[in-house]
Amino acid sequence: MKTYTILLVLLCLSCKQNSYTQIKDNMKSANNTEQQWKEQLTPEEYYVLRQKGTERPFSGTYNDFYEEGIYVCAGCGSQIFESDHKFDGHCGWPSFDRAIKESVLYVKDVSHGMQRTEVICANCKGHLGHVFEDGPRDTTGNRYCMNSVSMKFIPKKDADK
Ligand SMILES: [Zn+2]
């Protein structure tokens, strides 16, 4: 019984190690060609990250999700948001009042007859969402309105490794 438990723990540890290593390897993907992105991403990820699509409101994995950890770019694994800065924006998409310093870039977006500020990953330039100035007044006043599909969540206990 004891041996079995130890084996199980070891197996579990090696799984986590693999997923962490995989995210680190993804940092190399910043120079991917469009073809490589197509192969690496799911069709939904490709549509949002590379073609600047938007997932349907209230449909994303992280819309109503408040666990402690770090959100990384689904394209390259770069750390972009912390759970401490996530709030309920009541808009149907995961909302944050700030991004991790220097992790994102801002692009003026005048598509769909609107003037918006697009937020992209500073490393792989993948589309993450938009930032609006109607966020919490008591912190930054900004609302980073993100697509769940553009991000991957890493629980705090794994991110600390
Ligand atoms: Zn990225």
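Which residue in β7 does isoleucine 120 stand opposite? Isoleucine 120 faces histidine 127. The model described here is predicted.

## Sheet

The strands β6 and β7 run antiparallel and are joined by four bridges. Both belong to an open sheet of six strands, ordered β3-β4-β8-β7-β6-β5, in which the pairing is antiparallel. The edges of this sheet are formed by β3 (86–87) and β5 (104–109), each of which pairs on one side only.

## Zinc site

Four cysteine sulfurs coordinate the zinc ion at 2.3 Å: the SG atoms of Cys73, Cys76, Cys121 and Cys124. The angles subtended by the four donor atoms run from 103 to 114°, so the arrangement is tetrahedral; the cut-off for this term is that all angles lie between 85 and 135 degrees.

Along the sequence, the donor residues follow the spacing C-x2-C-x44-C-x2-C. Of these donors, cysteine 121 and cysteine 124 are both buried.

## Nonpolar core

In soluble globular proteins, nonpolar side chains tend to be buried together. Here the largest nonpolar core comprises 24 residues, and those with the most contacts inside it are Tyr71, Phe81, Leu128, Tyr144, Met146 and Met151. At least two residues of this core come from each of α3, β1 (69–73), β2 (79–82), β6 (116–121), β7 (127–132), β8 (143–146) and β9.

Phenylalanine 81 illustrates the contacts. Leaving aside residues up to four places away in sequence, phenylalanine 81 touches Ile70, Tyr71, Phe96, Arg98, Ala99, Ile100, Tyr144, Met146 and Met151.

## Salt bridges

The whole structure holds six salt bridges. One of them links arginine 50 to glutamate 34, with 3.8 Å between the closest N and O atoms. Because arginine 50 lies in helix α3 (residues 43–50) and glutamate 34 in helix α2 (residues 34–40), this pair ties together parts that are 16 residues apart in sequence. Both partners have intermediate exposure: arginine 50 is partly exposed at 23% relative accessibility, and glutamate 34 is partly exposed at 40%.

A second contact of this kind involves helix α3 again. Lysine 152 and glutamate 45 meet through their side chains in a salt bridge, at 2.9 Å from N to O. Lysine 152 lies in strand β9 (residues 151–155) and glutamate 45 in helix α3, so the pair ties together parts that are 107 residues apart in sequence. Lysine 152 is partly exposed, with a relative accessibility of 38%, whereas glutamate 45 is buried at 11%.

The side chains of aspartate 97 and arginine 98 also form a salt bridge, at 2.9 Å from N to O. Aspartate 97 is buried, with 6% relative accessibility, while arginine 98 is partly exposed at 33%. Arginine 98 is also among the residues touched by phenylalanine 81.

## The β8–β9 loop

Where does serine 148 lie? Serine 148 is in the loop between β8 and β9. Its relative accessible area is 3%, which is under the 20% cut-off, so serine 148 counts as buried.

The contacts of serine 148, not counting residues up to four places away in sequence, are with Glu55, Gly60, Thr61, Tyr62, Asn63 and Pro94. The strands on either side of this loop, β8 and β9, each supply at least two residues of the largest nonpolar core.

Notes: Residues numbered from 1 in each chain as written. Predicted model: local features only at pLDDT ≥ 70, side-chain atom pairs only at ≥ 80, totals over all residues. Heavy atoms only, no water. Salt bridge = Lys/Arg side-chain N within 4 Å of Asp/Glu carboxyl O. Buried < 20%, exposed > 50% of the residue type's maximum accessible area, 1.4 Å probe, protein only. Core = buried A, V, L, I, M, F, W, Y, C linked by side-chain atoms within 4.5 Å. Contact = heavy atoms within 4.5 Å. Donors = N, O, S within 2.8 Å, 3.2 Å for Na, K, Ca; no water. Tetrahedral: all angles 85-135°; square planar, octahedral: opposite > 155°, others 65-115°. Pairing = 2+ DSSP bridges.
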